[in-house]
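Colleague: I'd like to go through how you label helices and strands here. Can you take me through the reasoning?

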Amino acid sequence: MGRAVTVATCALNQWALDFEGNLQRIFRSIDIAKGRGARYRLGPELEICGYGCSDHYYESDTLLHSFQVLAKLLESPVTQDIICDVGMPVLHRNVRYNCRVIFLNKKILLIRPKISLANAGNYRELRWFTPWNKARHVEEYFLPRIIQEVTGQETVPFGDAVLATKDTCLGAEICEELWAPNSPHIEMGLDGVEIFTNSSGSHHVLRKAHSRVDLVNSATAKNGGVYILANQKGCDGDRLYYDGCAMISMNGETVAQGSQFSLDDVEVLVATLDLEDVRSYRAEISSRNLAASKVNPYPRVKVNFALSCSDDVAVPTCMPIQWRHHSPEEEISLGPACWLWDYLRRSNQAGFLLPLSGGIDSSATACIVYSMCHQVCLAVKNGNADVLADARKIVSDETYVPEDPREFCRRIFTTCYMASENSSQDTCNRAKLLAEQIGSCHISLNIDAAVKAIVGIFSMVTGRTPRFSAYGGSSRENLALQNVQARIRMVVAYLFAQLTLWTRGVPGGLLVLGSANVDESLRGYLTKYDCSSADINPIGGISKTDLKNFIQYCIENFQLTALRSIMSAPPTAELEPLVDGQVAQTDEADMGMTYAELSIYGKLRKIAKAGPYSMFCKLISMWKEICTPREVASKVKHFFRMYSINRHKMTTLTPSYHAENYSPDDNRFDLRPFLYNTTWSWQFRCIDEQVNAL
């Protein structure tokens, strides 16, 4: 009868402009899908060139190479007898579109351009592409000669249409269209489309996965149908980690779930589904059927092919499953770890170097590297040949097999505690003990000689010697002396990153890891060009509160008992003189605000779009039990004053893993001036007037 259809979706670790690697991963996914009996295969958004090409989309080379890859796919026997749905940029009548190219047996069936472009947060699709605004309209697309020679076609349909096979009807959505208020699947479903597909380039944000799952399931809960979602995974060349989560849903319930975090470059989900379940589900929804009788029909591209077999009565079909979500602590453990692995293997470096201070932030970064080592060993144990080959290349040993995370950590991870006369023995001991427990190659050194040399040059030239405020110096002297220590640590870190492996007779260099959290960056509580300046930063998009919870998670799951004393110690920069051998300086006292307050300010400033006055208005309600309006006004003014004074530091912020929607990343996500009128005279006067009125 032809009821059971077998379909496949996938999550691919594509890399921007890596046409060779991207092609091989697409081939592998199609081969796996066919091997499992699938008759339709869906891939991620722009999978041929990689999603993160950015301004390379302007280049004709990107279009040319994408068509060259498409030609390889079309002519390969691997793609025969399965409908393949791939993503690439296409230029139609001199306008560039983000497209799906759907083909079968060396014939292109349809080129479907994206209708709703993502243009918020980290997304800038309107910069490179134009949305297709001709609803239910199809035009002729003249194929380039390189494709005509393979397909024998001069033109193919281009536009907003659906595919009608012998047994069902399929309609495509592309990423953002699922999130749009007027998603195409609504009207497509009313017009009889039974299978919806969505190719995504959706990146990880803490606590976001459930939103995507809920949207997919709700897409078919009201209207019935099968929804297939593919997504990119991994780091494709920038701050984002695309977090997979390929899935297949039917009638509002998940039937297949892919992993969110994995070192597998190719992951394929296959499901067999009974189309009669869709039809019977829709049959009893009278409101849907009334709306369907009035819908404006979609152009249909007829396909002489079936997704089912004629004799499929005994074919088992997939049953609903419960989606398993990661906790935020698990997300921090896995997401940045996978991002680090992609960056390490694709940058052709030999490991990482981390300035390890013995505080929560650098310890959290160390734990993420240790988690990465766990993931590598687990992947190798599970037979992942790609990970094994990458590990051998990184350690320059063709026979090496990573089995013990601590042993692998020692090979690729160097930690360095850089003491000064202002450092306590406690932080030194904490850093050393944590390094022992994770297995890193640990270095302890003292920077006092370098600090004295730099200050000595200044004194020799000016005849003046700056002093810490504890010894009678001014605030300017105090800050300058702290900054000298901090900046020397950056210089020392890069020196050791370049030459540490040389001293061991091992080839390669190390990537320097930063460890400034998102709250410190927002407040500007860091020295420009100190150890916050590094090659990459896995925790730069994570709040202090979440990092503390992650540290507790590591204590329990990795048995890193050294973290207990790190958790209990007050955060400190240790840049001012000790008092009786004990640390007198603390971060929160220096900042004039708590990390909990900073997190609230950050969410109100970015997510709630609140300026000084709006933030004040919201906080007098939120904090009415703990602060008077005048106290709230003082806190808000202090935050905005410090934020604006230090905003220039965001222009040099180390590339960080994007994990929070209130990130102050100046590169793409949070676009602001970096030269402010820091008096905020008009805004603060409005606050004062409101305080007086209250």
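Modeller: Sure, we'll take a helix pair and then a sheet, bearing in mind that this is a predicted model.

Colleague: Why are H23 and H24 called roughly antiparallel?

Modeller: Helix H23 (residues 629-646) and helix H24 (residues 681-693) pack at about 170 degrees, their axes 10 Å apart. Angles over 145 count as roughly antiparallel, so that label fits H23 and H24.

Colleague: What makes the contact between them?

Modeller: On H23, Pro 629, Arg 630, Ala 633, Val 636, Lys 637, Phe 640 and Arg 641 take part, and on H24 the residues include Phe 684, Ile 687 and Asp 688. By class, that contact of H23 with H24 has 7 nonpolar, 1 polar and 4 charged residues.

Colleague: Now the sheet. Why do E19 and E20 count as edge strands?

Modeller: The open sheet has 4 strands in the order E19-E18-E17-E20, with parallel pairing. Strands E19 (441-446) and E20 (511-512) each have a single partner strand, so one side of each is left without a neighbour in the sheet.

Colleague: How do you know that E18 and E19 pair?

Modeller: Pairing takes at least two bridges, and strand E18 (residues 413-419) has 6 bridges with E19, in the parallel sense. One of the bridge partners in E19 is Ser 444, matched with Tyr 417.

Colleague: Which helix packs on the sheet and touches E18 and E19?

Modeller: That's helix H14 (residues 425-438), whose direction makes about 170 degrees with that of E18. Helix H11 (residues 360-381) lies across E17 (352-355) and E18, running at about 160 degrees to E17.

How values were computed:
Residues are numbered from 1 along each chain as its sequence is written. This is a predicted model: local features need pLDDT of at least 70, side-chain atom pairs count only at pLDDT 80 or more; totals for chains, interfaces and linings use all residues. Side-chain values use heavy atoms; hydrogens and water are left out. Axes are lines fitted to C-alpha atoms, for helices over the stretch in contact, and angles run from 0 to 180 degrees between N-to-C directions. Helices (H or I, at least four residues) and strands (E, at least two) are DSSP runs, numbered from the N terminus. Angles under 35 degrees count as roughly parallel, over 145 as roughly antiparallel, 65 to 115 as roughly perpendicular and the rest as oblique. Contact means heavy atoms within 4.5 Å. Ala, Val, Leu, Ile, Met, Phe, Trp, Tyr, Cys and Pro count as nonpolar, Asp, Glu, Lys and Arg as charged, and the others, Gly among them, as polar.
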